[in-house]
Amino acid sequence: MNAHQNELKRYFIILGVCIFFLFARISAAPNPHFKTMANDCEAWLNANPLDADDLSDSFLSGEEENGIITKNVKNEINGNWISAPNSIHEARLKAKAKRRLRKTSSRDSGRGDSFSDNGDPSRGTNGTVPPTSPKSKLLDRKSRAGKGRGLPKKGGAGGKGVWGPPGEVYDLEEVDVKDPNYDEAQENCVYETVVPPLEEGDFEKTLTPIVQEYFEHGDTNEVAELLGELNLGSMSSGVPMLAVSLALEAKASHRELTSRLLADLCGRVLSRRDVESSFDKLLRELPDLVLDTPGAPQLVGQFIARAVKDKILSKSYLDGYKGKVDCVHARAALDRAAVLLKMGMGGLRIDNLWGTGGGQRPVTQLVREMTLLLKEYLLSGDNKEAERCLRELEVPHFHHEFVYEAIVMVLESKGEKTFKMVLQLLKFLWVSSIITVDQMRRGYERVYMDIAEINIDVPRAYFILEQFVDKSFSAGFICEKLRDLCPSRGRKRFVSEGDGGRFKLESY
């Protein structure tokens, strides 16, 4: 651009001189000053003759812009005008060749193209250039920095998020002693994950869901893993106390699970000292526990007896409290534990102290307990006590057996007392939602199926069953469809020969 501006400046100067010379020749003014300037201009033009092309007012052609004009070309260096026609031409050609070389330096280096010293491209042996496409330029992995040998980056394993070819193993980085961030004390450091100790306010909030979830799945290993992830610290002795406190308000099966949990955690997460201190706290807080659970002293005594049997409490634990207990509830708990341990020496299985909960018990045992429950109810007539005993069996899926045994007991009885009391009990259990619709229906259907066999031992079974079903429908705890399914024995004729025309009210 500087050379082009210099050429324009030169042409404008020459054009101005010519106009001034012509104006001086045409002017008729006898001014000696104008004559002197005209003579000077004429002498300068004679010394620097111009061609017709120089005086043309047309724009420069492309060849003139590229520096092909070599006649009367001057260059300006450091403010001085010098005549260097050949040097300007050669400099422009070299600069153009360098620009082309930079554009095709790396991506075209392996395609057979090269440049000679004067900037002319030299072809391959056959004089042809392989075609190039935008796709090949975008997908190649050669360096685009314009330097190097044109080899692919990272040995052909380049790309976003790639550190090297597959299978390459990096060695450990050596520590640079001259690094300004180097710290000699960090060379032998061992980094470990530190779990902050559990705060006292978060202890109950964190452990209560764990224990309640354990009551559902019964896996002691999972509880041990969860407690191992916590930094209990000095509060580890509160785990048995919290578990027993929750078990006091739960079912018998949950108390059995709690005893197993304490036996499995001792030695893994808890120590004997933690268990002993936990039961000491339970004995001191029994007056408060009795407010929520009236039978807490007896239950805590059973937990202590089971812990001694499982060898997580020493046998001398009870001896340490002899003559030192002032609380009535604590004394009752210790007496209960001592009695159970003495009975255990006589053959009582303390390891089955809480019983087997729910459906884990055999069916024959459940049937026997339900029969005993009905017999106790017929003697006492206490509906709430019967409800509590049925709940403690923890077999809601087996309540149809209770309905079946109750109806069979009515069919086998001789008086109306059993009839009315069983009807009253089933209605009470229906209203309190202990026995569901499905269990009630299944119990009646089982009686319908076995009535033929029952009738062998009880000749009036069909008649009594029809009356009981009608009363049950009137009480509202069976539907009309279930009432209509009640089987009936084949009727005899109402009037027979020799009866004197008397109608029979009963069919048997």
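**View 1. Ser433, an exposed loop residue with positive phi.** A residue counts as exposed when its relative accessible area is over 50%. S433 has a relative accessible area of 56%, so S433 is exposed. The model shown here and in the other views is predicted. S433 sits in the loop between α17 (416–431) and α18. Its phi is near 65°. That is a positive value, and S433 is not a glycine.

**View 2. Lys311, in the loop between α12 and α13.** Helix α12 spans 296–309 and helix α13 spans 328–345. K311 lies in the loop that separates them. Phi of K311 is near 65°. Here, too, the value is positive in a residue other than glycine. K311 has 62% relative accessibility and therefore counts as exposed.

**View 3. The crossing of α16 and α18.** Helix α16 covers residues 399–412, and helix α18 covers residues 437–457. Their axes come within 8 Å. They cross at roughly 45°. The two helices are therefore oblique to each other. The crossing of α16 past α18 is right-handed.

**View 4. Residues at the contact of α16 with α18.** From α16, the contact takes in H399, H400, E401, V403, Y404, I407, V408 and L411. From α18 come Q439, M440, R442, G443, Y444, R446, V447, D450, I451 and I454. Sorted by class, ten residues of this contact are nonpolar, four are polar and four are charged.

**View 5. The largest nonpolar core.** This core holds 52 residues. F279, L283 and I304 touch the most other members. Eight elements need labels here, each giving two or more residues: α6 (200–217), α7 (220–228), α8 (238–248), α9 (252–265), α10 (272–284), α11 (286–292), α12 and α13. Helix α12 gives the most, with eight residues. In soluble globular proteins, nonpolar side chains tend to be buried together.

**View 6. Surroundings of Ile304.** I304 is one of the three residues that touch the most other members of the largest core. Neighbours within four places in sequence are left aside here. Beyond them, I304 is in contact with F279 and L283. Its other contacts are L313, Y317, L318, L334 and A337.

**View 7. A second nonpolar core.** This core is separate and has 47 residues. Among them are L374, I434, M440 and V469. M440 also belongs to the α18 side of the contact with α16.

Definitions and conventions
Residues are numbered from 1 along each chain as its sequence is written. This is a predicted model: local features need pLDDT of at least 70, side-chain atom pairs count only at pLDDT 80 or more; totals for chains, interfaces and linings use all residues. Side-chain values use heavy atoms; hydrogens and water are left out. Axes are lines fitted to C-alpha atoms, for helices over the stretch in contact, and angles run from 0 to 180 degrees between N-to-C directions. Helices (H or I, at least four residues) and strands (E, at least two) are DSSP runs, numbered from the N terminus. Angles under 35 degrees count as roughly parallel, over 145 as roughly antiparallel, 65 to 115 as roughly perpendicular and the rest as oblique. A crossing is left-handed if the near helix is turned anticlockwise from the far one by less than a right angle, and right-handed if clockwise. Contact means heavy atoms within 4.5 Å. Ala, Val, Leu, Ile, Met, Phe, Trp, Tyr, Cys and Pro count as nonpolar, Asp, Glu, Lys and Arg as charged, and the others, Gly among them, as polar. Buried means under 20% relative accessible area, exposed over 50%, partly exposed in between (1.4 Å probe, protein chains only). A nonpolar core is a set of buried Ala, Val, Leu, Ile, Met, Phe, Trp, Tyr and Cys residues joined through side-chain atoms within 4.5 Å.
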